[in-house]
Each structure stands twice: as C-alpha cells, then as structure tokens.
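Subject: A structure for you to look at

Hello,

Here is the structure I promised to pass on. Please open it next to this email, and then read on for what was found in it.

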Amino acid sequence: MAEITIIVKQDDGDKVIKATSGANLLSILKENNIPIHTPCGGCGFCTCCKVEVFGKNGSTELLACRNSIYADCTIRVVPFP
Ligand code: FES
C-alpha cells in the first residue's frame with residue numbers, strides 16, 4: 001500500500017499526517033489525535049464527523065467514518081455546532 005500525505009487545517013496551524021492509501025479517514029484522524037465529534041462511534045448515523053476536503057475545483061464535505069482516502073489531500077474537520 002502506498003503512503004499518502006494528508007494536511008489537516010486547524011485553528012492552531014496545519015498538521016501533516018502520513019497514512020496508508022485506502023485507510024478509513026476517521027481511523028486516521030483518531031490515530032493522529034485530531035479532535036472530531038463521533039457520538040455514534042463511527043456507525044454513520046449521527047453525521048457529526050463531517051470533514052471538508054479541498055480540491056482544485058473547490059471543496060466538498062464527507063463523513064470521515066464512511067470514507068477512505070486514496071491520495072494526498074488537504075482537509076478540515078467541520079466544527080460541530
Ligand atoms: S461518527 Fe457518526 S456519522 Fe460518522
């Protein structure tokens with residue numbers, strides 16, 4: 001499996017994370033101590049684990065617990081209201 005780089009944008013500065021391509025995004029964030037709200041424990045019910053993924057044509061939001069990452073990217077954990 002290839003190693004990828006994820007840049008996590010945070011209020012106190014960007015954090016660079018190395019991960020394995022194809023790994024679950026929520027697992028990656030938890031393993032790297034990135035704060036994220038997950039009241040359903042990653043079952044896909046609460047929709048609280050939204051992450052904004054930035055690309056060339058803007059950004060999109062997805063649930064960290066329901067998605068895997070396969071390439072280098074820049075993300076931001078969407079603050080829980
Ligand atoms: S942790 Fe609840 S939907 Fe992802």
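Let me start with a puzzle: leaving aside its neighbours within four places in sequence, which residues is Ile 75 in contact with? The answer is Ile 6, Val 8, Val 51, Glu 52, Val 53 and Phe 54, again not counting neighbours within four places in sequence. Two residues are in contact here if their C-beta atoms, placed from the backbone, lie within 7 Å.

Before going further, two notes on how to read the model. It is a predicted model, in which local features need pLDDT of at least 70 and side-chain atom pairs count only at pLDDT 80 or more, while totals for chains, interfaces and linings use all residues. Residues are numbered from 1 along each chain as its sequence is written.

The whole chain

The protein chain has one helix and seven strands, and along the sequence they follow the pattern β-β-β-α-β-β-β-β. The protein chain is as compact as a globular protein of its length, because its radius of gyration of 12 Å is close to the 12 Å that the globule rule gives for 81 residues. (Helices, H or I with at least four residues, and strands, E with at least two, are DSSP runs numbered from the N terminus; the radius of gyration is taken over C-alpha atoms, and the globule rule is 2.2 Å times the number of residues to the power 0.38.) Along the principal axes, the C-alpha atoms fill a box of roughly 30 × 25 × 25 Å.

Of the 81 residues, 15% count as buried. A residue is buried if 20 or more other C-beta atoms lie within 10 Å of its own, exposed if 12 or fewer, and partly exposed in between, with C-beta atoms placed from the backbone. Among contacts between residues at least 6 apart in sequence, 42% join residues at least 24 apart.

The sheet

Five strands form an open sheet with mixed pairing, in the order E2-E1-E7-E4-E5. Strands E2 (15-20) and E5 (58-63) are at the edges with a single partner strand each, so one side of each is left without a neighbour in the sheet. From one strand to the next, the twist averages 35°. (Two strands pair if DSSP finds at least two bridges between them; the axes are lines fitted to C-alpha atoms, for helices over the stretch in contact, and angles run from 0 to 180 degrees between N-to-C directions.)

At one edge, strand E1 (residues 3-9) pairs with E2 in the antiparallel sense over six bridges. Ile 4 has Ala 19 in E2 as its bridge partner. The hairpin of E1 and E2 has five residues between the strands, and Gly 13 there takes a positive phi near 120°.

At the other edge, strand E4 (residues 50-55) pairs with E5, also antiparallel, over six bridges. Lys 50 has Leu 63 in E5 as its bridge partner, and the hairpin from E4 to E5 passes through two residues. E4 also runs antiparallel to strand E7 (residues 73-77), joined by four bridges, with Glu 52 opposite Arg 76 in E7.

Two neighbours in E2

Ile 17 lies in strand E2, and so does Lys 18. Ile 17 counts as partly exposed because it has 16 C-beta neighbours inside 10 Å, whereas Lys 18 has 10 and counts as exposed. Beyond four places in sequence, Ile 17 is in contact with Ile 6, Val 8, Ile 28 and Asn 32, while Lys 18 touches Glu 3 and Thr 5.

The core

The largest nonpolar core has twelve residues, including Ile 6, Ala 19, Val 51 and Ile 75. Helix H1 (residues 25-31) gives the most to this core, with four residues. (A nonpolar core is a set of buried Ala, Val, Leu, Ile, Met, Phe, Trp, Tyr and Cys residues joined through C-beta atoms within 7 Å.) In soluble globular proteins, nonpolar side chains tend to be buried together.

A loop to check

Asn 33 is in the loop between H1 and E4, and Thr 47 is in the loop between H1 and E4 too. Asn 33 has a positive phi near 55° although it is not glycine, and Thr 47 likewise has a positive phi near 55°. With 7 C-beta neighbours inside 10 Å, Asn 33 counts as exposed; Thr 47, with 13, counts as partly exposed.

Enjoy exploring!
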